[in-house]
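Colleague: Before we talk about cavities, pockets and sheets, could you show me the model and then say what each term rests on?

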Amino acid sequence: MARGKYAHQSRGPRGPVLLLMLAVAVIAVVFAGTALVRAFHNEDPLPSLNGGQQQEQQEQQHDNTQPPQDSEDLAARRADLLAQAEALTRGYYYDDAIRLLENAGELTNTDTAAMLQDVKHLKESLVKYDSSQYYHIFFHSLAADTAKTFDGDHDSAGYDMFMTTVSEFKAMLPLLQEHGFILYDITDMVELVDGKTVLKDIYLPAGKKPLVISIDDVNYYNYMLDDGFASRLDVDDEGNVVTIMGGTIVDHGQKVLTVDGGQPTYDGDVMPILDAYVREHPEFSWQGAKGIVAITGYAGAFGYRITDLELFDQATQQWMLDKTKAVAQALRASGWQIACHSYTHNQYWNKKTITMEEEQYDIGRWLGEIAPYVGDTNIFISPFGVSFDGDDQRFRYLVDHGFYIYCPVDSYMPCYVRDDYMIQGRINLDGLTMKQYPERIRKHFFDPTPILDPARPK
C-alpha cells in the first residue's frame with residue numbers, strides 16, 4: 001500500500017517537469033540560432049550594457065537619409081543671401097528679392113523658402129493708392145550754423161521766413177514716417193502715352209501715402225556763403241554726396257565768389273541728411289526714391305560757377321565741370337531727380353511779365369549751359385512758385401521743350417494731368433509756414449510748433 005502510494009505521488013509531477021524542460025530547450029535553440037544569424041551578419045551576438053547607445057550609433061552609420069551638415073562657407077553665403085533679400089524687401093524691391101531667393105541654387109533651404117513666401121505675401125498685399133490727395137513738400141538749403149544764419153544782419157529776417165534749419169529738418173523725418181509717408185519718385189507718378197499724360201497707378205503697403213520732397217536753389221549763392229550754409233556739394237570716396245562747410249571766400253570779380261578749402265560733412269543740407277536717414281530706414285523710401293534737386297544757372301550748379309568759366313584758369317574750369325558732373329551722377333545714382341528752376345530766377349517770373357523772348361533766352365541758357373553737365377530732365381520747378389494757365393504760350397513753351405511735370409507752390413498740393421502735362425503743387429515747410437500758418441502743416445503732416453529751432457528770432 002505504501003509503495004503504491006509513494007509510487008503514485010512520484011509519478012504525479014512528471015508532466016509539468018517535462019514541459020518545462022522542453023520549453024527551456026526550445027529557448028536555447030532559438031537563442032543559439034539568433035546568435036548564429038547575428039554572427040553571420042557580423043553583429044554582436046549579445047547586447048552589451050550600453051547596447052542601446054551602440055545600436056543608435058550603428059543605425060546612424062547605416063542611415064543614408066540624414067541631411068548633410070552645411071559647411072561654414074555654405075552657411076555664411078546663405079546668411080549673406082538672406083541679408084541681401086531682407087534689405088531689398090525693406091526697400092520694397094520685392095521683385096528683386098524674389099528673383100534672388102528663387103535662384104538661390106545650392107543655398108536653398110527651409111529658411112530661404114520661408115523668406116520667399118513672406119516676400120511674395122508682402123508683394124501681394126500691396127494696395128492701390130486711390131486718394132486724390134498727393135503730397136509734395138519743399139525746402140531751400142538748410143541753415144546749418146544758426147549762430148551765423150540768425151545773427152541779426154539784414155539777411156536774418158529773410159532766412160527766418162524762407163529757410164529751414166538742420167535740426168528742424170532732422171526732426172521732421174521721423175514724424176513724416178510715423179504718419180505713414182513714403183518717399184516716391186515724381187517721374188514714376190506719370191507717363192506719356194501717345195503724347196498724352198496719364199497718372200500711373202501707385203501701389204503701396206496699406207495705409208501708406210506717397211510723398212515728394214524738393215529743394216530749391218541748390219546753387220549756394222554769394223549771399224549765403226558766410227551765413228551758416230554749405231558752400232558746395234561734393235562726392236566722397238564711396239560715392240556719397242557730401243556738403244562742404246567753412247573755408248575761405250575768394251572774390252573773382254564780377255560778383256563771382258567761391259570758397260577755397262572747407263570741410264566735408266554729412267549734415268550740411270537736405271541731400272546727405274536724407275540719404276543717411278533712408279540708409280537707416282529704407283522703408284521710408286519706395287525703391288530708393290529721395291526727391292528733386294532744383295537748380296538755376298546764373299550762379300552755376302551745386303556751388304560750382306560753371307557759367308562764369310572765363311574768370312578761372314583752365315585747370316579750375318575743368319575741375320568745376322568735372323565736379324558738377326560727378327555730383328549730378330552721384331545724386332541720380334542715389335535716387336534723386338534734378339529739375340530746372342529757370343536760369344535767371346528773375347523777377348519777371350514772379351511778376352508774370354516774362355516775354356517769350358526773355359523765356360527763350362532763359363530756358364535756352366539752362367538747356368545749353370547747365371543740362372549738359374547735370375543731365376536732361378522733364379521737371380520744371382517754377383521760380384517763385386508761379387503758375388500759368390495751361391494755354392498760356394509761355395507755359396506751352398516749357399512743355400514743348402520737354403518740361404511736362406510742372407511744380408508751382410500751392411498749399412493744397414493739387415495733382416492733376418491735362419493733355420500733355422502734369423501739375424503738382426507744393427507746400428513750403430519753412431519758417432513762414434511753421435510760424436505763421438502752422439495749421440497748413442498740421443492738416444496733412446504734423447504739428448510744427450514743438451520742432452521749431454529755438455535759435456530762430458522771436
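**Terms and values**

Modeller: Helix H11 (residues 314-333) lies across E8 and E9 and runs at about 75° to E8. Contact here means heavy atoms within 4.5 Å, and the axes are lines fitted to C-alpha atoms, for helices over the stretch in contact, with angles from 0 to 180 degrees between N-to-C directions. Helices (H or I, at least four residues) and strands (E, at least two) are DSSP runs, numbered from the N terminus. This is a predicted model, in which local features need pLDDT of at least 70 and side-chain atom pairs count only at pLDDT 80 or more, while totals for chains, interfaces and linings use all residues. Residues are numbered from 1 along each chain as its sequence is written, and side-chain values use heavy atoms, with hydrogens and water left out.

Colleague: What makes E8 and E9 a pair of strands?

Modeller: Two strands pair if DSSP finds at least two bridges between them; E8 and strand E9 (residues 241-245) have four, in the antiparallel sense, so the definition is met. Asp234 has Val242 in E9 as its bridge partner, and Val235 stands opposite Val241 in E9. The hairpin of E8 and E9 has five residues between the strands, and Gly239 takes a positive phi near 90° there.

Colleague: Why is one side of E8 and of E12 left without a neighbour in the sheet?

Modeller: Three strands form an open sheet in the order E8-E9-E12, with antiparallel pairing. Strand E8 (232-235) and strand E12 (263-265) stand at its edges with a single partner strand each, so one side of each has no neighbour in the sheet. Neighbouring strands are turned by 45° against each other on average, direction ignored.

Colleague: What makes one space a cavity and another a pocket?

Modeller: On a 1 Å grid over the protein atoms alone, a cavity is a set of points where a 1.4 Å probe fits but cannot get out, whereas a pocket is an open set with protein on both sides within 12 Å along at least five of seven lines; lining residues have an atom within 4 Å of a point. The structure holds one cavity of 30 Å³ or more, and the largest cavity has a volume of about 40 Å³, a volume being the space filled by probe spheres set on grid points joined across faces, edges and corners. The largest pocket has a volume of about 540 Å³.

Colleague: Which residues lie nearest the centre of the largest pocket?

Modeller: Its lining has 23 residues, of which His140, Phe162, Asp217, His345 and Phe384 lie nearest the centre.
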